[in-house]
Amino acid sequence: MGRVLYSDPMHSGRHLVNIALIGFMGTGKTTVGRLVAEQLRFEYVDTDELIQAGTGRTIADIFAKEGEPAFRALEQKVVKELASRTRTVIATGGGLPVNPDNLTSLKTHSLVVCLWSSPEKIWERVRHQSHRPLLHDANPQAKIRELLAARERFYKQADVLLNTDLRSLREVTRQVAHQFQLESAGAK
Ligand code: S3P
């Protein structure tokens, strides 16, 4: 089972009605999020998709024309709007938990699960994709290592940390759903 870290959703009075998946690009948030939603009959949303739907623009375009700070402001707005959701699996952009307000907000209504991978596995998964502006770098592998090291302390604030290198994404899905059922039953 995943490692339960730092916070204790069973005894904190939190109202766990959703699941939020955090973690670096290429750790499996989208695949696992969709599968968990299917298994629990929850709705699935993705913060990047909500930003794109709300602005009518791609993430790459927002980064290119307005820069990362403008993207982060849109991300924070979307997170606030998620507070009214129930029975939803929320997949989040890889940089979202770096803003502590985002994590605080998600934790009021969601079990926060971090999917973790090694930089090598992440590279394997993202190397043939081109839609992520932060990896448009002369040395994307070094960039992954650098960002992952800088973000590790934020990712580790999740309620549950699951390494997706060691398990199939189906197995990770089962564990996320199981952990949610345990924690939400305990929190009632
Ligand atoms: C980002 C991750 C992306 C997207 C944006 C920035 C990041 O989402 O939000 O390109 O800062 O790590 P995924 O983690 O879904 O790729």
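## Ser184, tucked into α8

Ser184 has a relative accessibility of 12%, so it counts as buried, the cut-off being under 20%. Bear in mind that this is a predicted model. The residue belongs to helix α8, which runs over residues 169–187. Its side chain doesn't go without a partner: it reaches the backbone oxygen of Phe180 at 2.7 Å.

## The nonpolar cores

Next up is the inside of the protein. In soluble globular proteins, nonpolar side chains tend to be buried together. Here the largest nonpolar core has 31 residues, and the members touching the most others are Ile22, Phe24, Leu106, Val112, Ile144 and Tyr155. Plenty of elements chip in: at least two residues each come from the strands β2 (18–23) and β5 (110–116), and from the helices α3 (59–66), α4 (68–81), α5 (100–109), α6 (119–126) and α7 (140–155). The largest share is that of α7, with four residues.

Take Leu106 as a close-up. Leaving aside residues up to four places away in sequence, Leu106 touches Ala20, Val79, Leu82, Ile90, Thr92, Leu96 and Val112. Apart from the core that Leu106 belongs to, there is another one of 20 residues, including Val89, Val113, Leu115 and Leu162.

## Where α3 meets α4

How do α3 and α4 sit relative to each other, and at what angle do their axes cross? The two axes come within 7 Å and cross at roughly 130°. That angle falls outside the ranges for roughly parallel, perpendicular or antiparallel, so α3 is oblique to α4.

On the α3 side, the residues in this contact are Ile59, Ile62, Phe63 and Glu66, and they meet Glu68, Ala70, Phe71, Arg72 and Leu74 of α4. Sorted by class, the contact has six nonpolar and three charged residues, with no polar ones.

## Leu134, a buried loop residue

Leu134 lies in the loop between α6 and α7. Is this loop residue buried or exposed? With 18% relative accessibility, Leu134 is under the 20% cut-off and therefore counts as buried.

As for its surroundings, Leu134 touches Met25, Phe63, Glu68, Arg72, Lys143, Leu147 and Arg151, again not counting residues up to four places away in sequence. Some of these names have come up already: Phe63 in α3, along with Glu68 and Arg72 in α4, takes part in the contact between those two helices. Val45 makes a handy reference point too: Leu134 and Val45 are 89 residues apart in sequence, and 22 Å separates their C-alpha atoms in space.

How values were computed
Residues numbered from 1 in each chain as written. Predicted model: local features only at pLDDT ≥ 70, side-chain atom pairs only at ≥ 80, totals over all residues. Heavy atoms only, no water. Buried < 20%, exposed > 50% of the residue type's maximum accessible area, 1.4 Å probe, protein only. Polar contact = N/O pair within 3.5 Å; in protein donor to acceptor, adjacent residues only side chain to side chain. Core = buried A, V, L, I, M, F, W, Y, C linked by side-chain atoms within 4.5 Å. Contact = heavy atoms within 4.5 Å. Axes fitted to C-alpha atoms, helices over the stretch in contact; angles between N-to-C directions. Parallel < 35°, antiparallel > 145°, perpendicular 65-115°, else oblique. Nonpolar A, V, L, I, M, F, W, Y, C, P; charged D, E, K, R; others polar.
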